[in-house]
Amino acid sequence: MTLAWLYCRNDAQRHSFGKLSSDETRRIGKAIARIPEFLMPRKGFYPRGGGPRWRADRPYHVALEDRYIREHWDEIYALCKLNSLPFNATGEVIKSDGVWKVYEFAWQMDAILFWNRFEGRWLRGTEFHYPERPENLPVLKPLENWSKFNPRNLR
C-alpha cells in the first residue's frame, strides 16, 4: 500500500526552491515508515482500567510527584505545549511515599513520552506499575534558551 509520494530535486540543481533534497526526502520517508511502530501498543504500558473518576476515552494515567511538579511547573508546561503533549490533570491525588498528582492521556505514546521525560509513575488500577523503559523512544523537542528557575532572581 502506498502511504505517500515524496518528490525531490536532483542534487545538481542547487537553487530549485520549493522542492526537497534527496536527503530530506530520505529522512521523511524513514519517519513515515516508523508510524506503524509508534501506533502499536507497547508491552507493559497497560490502560489503567475502570474507575469512578476515570474517563474511558483517556485510559492511560501517569502520576507525577507534587513537589516535582511545583519545582518544574514552567518547564513541564512549556515542553508539553512545544511537543503537543496533552497536560490534562484528573484532579486525583495519591498519597503513597509522597503526594502524587495524576494526568490522563488518550494515546499510549503520549503517556509514555510524558512518563519517560518527567520521572512519572505509570498507573494500573490503584497501584503504581513499573514497566521497563522501551528502546528507540522518540526524543521530545528541547526548549531552547530555557533558563532554570532560581528563586533568588525574584528579589
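**Packing around helix α4**

Leaving aside its neighbours within four places in sequence, F114 is in contact (heavy atoms within 4.5 Å) with V62, L64, I76, C80, L85, F87, Y103 and F105. The model is predicted, so local features need pLDDT of at least 70 and side-chain atom pairs count only at pLDDT 80 or more, while totals for chains, interfaces and linings use all residues. Residues are numbered from 1 along each chain as its sequence is written, and side-chain values use heavy atoms, with hydrogens and water left out.

Nonpolar cores
- The largest nonpolar core, meaning a set of buried Ala, Val, Leu, Ile, Met, Phe, Trp, Tyr and Cys residues joined through side-chain atoms within 4.5 Å, has 23 residues, and those with the most contacts inside it are I76, F114, F118 and W122.
- At least two residues of this core come from each of β1 (60-65), α3 (66-82), β3 (99-105) and α4 (108-117), where helices (H or I, at least four residues) and strands (E, at least two) are DSSP runs numbered from the N terminus.
- The most is given by α4, with 6 residues.
- Another core, of 6 residues, lies apart from this one and includes A63, V102, L123 and F128.

Helix α4
- Of the 10 residues in α4, 8 are buried, that is, under 20% relative accessible area with a 1.4 Å probe and protein chains only, and these are Q108, M109, D110, A111, I112, L113, F114 and W115.
- Just after α4, E119 takes a positive phi of about 55°.

D66 in helix α3
- D66, which lies in helix α3, is buried, with a relative accessible area of 14%.
- Leaving aside neighbours within four places in sequence, D66 is in contact with V99, W100 and K101.

Note on methods
Buried < 20%, exposed > 50% of the residue type's maximum accessible area, 1.4 Å probe, protein only.
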